[in-house]
Amino acid sequence: MRRRVPVSLGDRSYEVVIGAGVRSSLASVIEGLGASRTVVVSARPREWVPDTGVETSFVPAQDGEAAKTLGTVEALCREFARFGLTRRDAVVSCGGGTTTDVVGLAAALYHRGVAVVHLPTSLLAQVDASVGGKTAVNLPTGKNLIGAYWQPSAVLCDTDYLSTLPGREMRSGLGEIARCHFIGAGDLRGLPLLEQITASVALKASVVAADERDAGLRHVLNYGHTLGHALETATGFALRHGEAVAIGTVFAGHLAGALGRIDERRVAEHREVVEHYGLPTAVPTGIEVADLVRSMRQDKKALAGLAFTLDGPDGAELVRDVPEEIVVRVLDRMPRQPLAELTSG
C-alpha cells in the first residue's frame, strides 16, 4: 500500500511517496530528472540504496548532529566536483534527518543548485526533515543557523527502512507526530503508522505550499522546537531531536496557558498526547534556565526578544516578544528528571 502526497510549488512541485518498498522507484525518478550520473550520499549500508540506473558514486555519510557542519558540506561538494557532477545531474541522500539536511544544503550550494532526491530512513526524517526544502547545519551557538531553502525533486519514504530502527529512534520520530496534534493534523493516536506518517507529511506539504519561506504560516511547523533546540544544545545532543521537541511541546502548552491563550484542560492535553507516544515530558536536571533562555534568543524566529509558536483560540501561531519573566517562571515550574532517565530505552 502506497500513499502519494503532492507538495505544490509550481515548477518546483514534487511528490512524497510513502509505503513499503517505494525506494525501488529511485531509478525511474532519476530517469525522469534526465540525470546522466548521480552521487549517492548514504549513512546506511550500500545495499540499502537501490540501483539508480545511471553512473553513480557512493559516498559514505554519518548521521548525528556532530556531522551537521559546514565542514561536512564542503567535503561533500568536493566529492561532487571530483566525480564531475554537473547541474544537470542529481544527488541522492539515504539516511536520517542529519543526512537529508546536510546533503540538501550541499546540493543547494554546489553549482548553485543540483537536483536532490531523499530516501529518508528514520521516522523523524520521513515525517519532517526530508520534506519542505529546509536545509541547514549547526554552529556551536545553536541549531540550523546556516542554511538554505532547496526543495527536493522527490522524497521516497520507504517504511521498510523503519523496521531496522532502535526503539529510541522510533520514539524520536513520534515526537514530530505528537506535535502535529496541535498544529492542525487532528488526533493521530491509534492510527496505523502509515496513516500517521501520511497525515504528518500532508499537513507539512499544505503549510509549505502556502508559505515556502517562513513568511508567516510555516512557523506553526516549529511547534515545540524553540525549547527543543535549546535542550538539544544544552545536553550536547544527548537528547534526540524528537525527544527534545516532545518536551518543548509540553512546555509550549504550559506557556500558552500562562499567557491566557488556552485553558487548563488544553494545557493538560499537551502532556497527555506526548505521554501517549512514550516520550519525555520533563526538563533534564542540571540545566540552568538562564542558559536555555539565552539559547532560545538565538532561535531563527526571534527577531527581537523571545518568540514561540503557541496554541490559542485561533489555533497555533507565532507569538513574538513573550516576556522573559513569564518564560522563566514556566520553565522553573516544569518537572525535572535526570537525563539518563529521559533517554533510557
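Start with the lining of the second largest cavity: by class it splits into five nonpolar residues, six polar ones and no charged ones. To see it, select Asn 222, Gly 224, His 225, Thr 226, Leu 227, Gly 248, Phe 251, Ala 252, Phe 308, Thr 309 and Leu 310, which line this cavity. Colour by secondary structure and you'll find that α7, α8 (241–258) and β11 (308–310) each give two or more residues to that lining. The volume of the second largest cavity is about 50 Å³. Keep in mind as you click around that this is a predicted model.

Next stop, the largest cavity. Its volume is about 100 Å³. Select Lys 143, His 229, Ser 295, Gln 298 and Asp 299, the closest to its centre among the 13 residues that line it. The elements giving two or more residues here are β8, α7 and α10 (289–296). Which element gives the most to this lining? That would be α7, with four residues. Sorted by class, the lining of the largest cavity has three nonpolar, seven polar and three charged residues. The full count of cavities of 30 Å³ or more comes to three.

Now leave the cavities for the open spaces. The largest pocket holds about 840 Å³ of space. Centre your view on Glu 65, Lys 68, Asp 101, Leu 124 and Lys 143, which are the closest to the pocket's centre out of 41 lining residues. You may recognise Lys 143 from the previous stop, where this residue was listed among the closest to the centre of the largest cavity.

To trace the pocket's walls, show these elements, each of which gives two or more residues to the lining:
- helices α3 (97–109), α4 (123–129), α5 (167–180) and α7 (225–234)
- strands β7 (134–139) and β8 (142–149)

Highlight β8 in its own colour, as the largest share of this lining, six residues, comes from that strand. Then recolour by class: the lining of the largest pocket comes out as twelve nonpolar, 13 polar and 16 charged residues.

From there, move on to the second largest pocket, with about 220 Å³ of space. Select Arg 12, Trp 150, Gln 151, Pro 152 and Ser 153, which lie nearest its centre out of 16 lining residues. How does this lining divide by class? Seven of the residues are nonpolar, four are polar and five are charged.

Time for some rings. The structure holds four aromatic pairs. One of them is Phe 80 with Tyr 110, an edge-to-face pair at 5.4 Å centre to centre, with 80 degrees between the planes. Phe 80 sits in helix α2 (residues 70–83), while Tyr 110 is in the loop between α3 and β6 (115–120), so to speak a link between distant parts of the chain, 30 residues apart. Are these two rings' residues buried or exposed? Both Phe 80 and Tyr 110 are buried.

For one more ring, select Phe 83 and Arg 37. The charged end of Arg 37 sits over the ring of Phe 83, 4.6 Å from the ring's centre.

Finish by selecting residues 61–171. An unreviewed UniProt entry annotates this span as "domain: 3-dehydroquinate synthase N-terminal". Put a distance label between the end C-alpha atoms of the span and you should get 23 Å. By secondary structure, residues 61–171 are 35% helix and 28% strand.

Note on methods
Residues are numbered from 1 along each chain as its sequence is written. This is a predicted model: local features need pLDDT of at least 70, side-chain atom pairs count only at pLDDT 80 or more; totals for chains, interfaces and linings use all residues. Side-chain values use heavy atoms; hydrogens and water are left out. On a 1 Å grid over the protein atoms alone, a cavity is a set of points where a 1.4 Å probe fits but cannot get out, and a pocket is an open set with protein on both sides within 12 Å along at least five of seven lines; lining residues have an atom within 4 Å of a point. Grid points are joined across faces, edges and corners, and a volume is the space filled by probe spheres set on the points. Ala, Val, Leu, Ile, Met, Phe, Trp, Tyr, Cys and Pro count as nonpolar, Asp, Glu, Lys and Arg as charged, and the others, Gly among them, as polar. UniProt positions are given in the numbering used here, feature names are shortened, and annotations may be inferred rather than shown by experiment. Rings of Phe, Tyr and Trp (its six-membered ring) pair if their centres lie within 6.5 Å; planes under 30 degrees apart count as stacked, over 60 as edge-to-face and the rest as tilted. Buried means under 20% relative accessible area, exposed over 50%, partly exposed in between (1.4 Å probe, protein chains only). A charge sits over a ring if NZ of Lys or CZ of Arg is within 6 Å of the ring centre and within 35 degrees of the ring normal.
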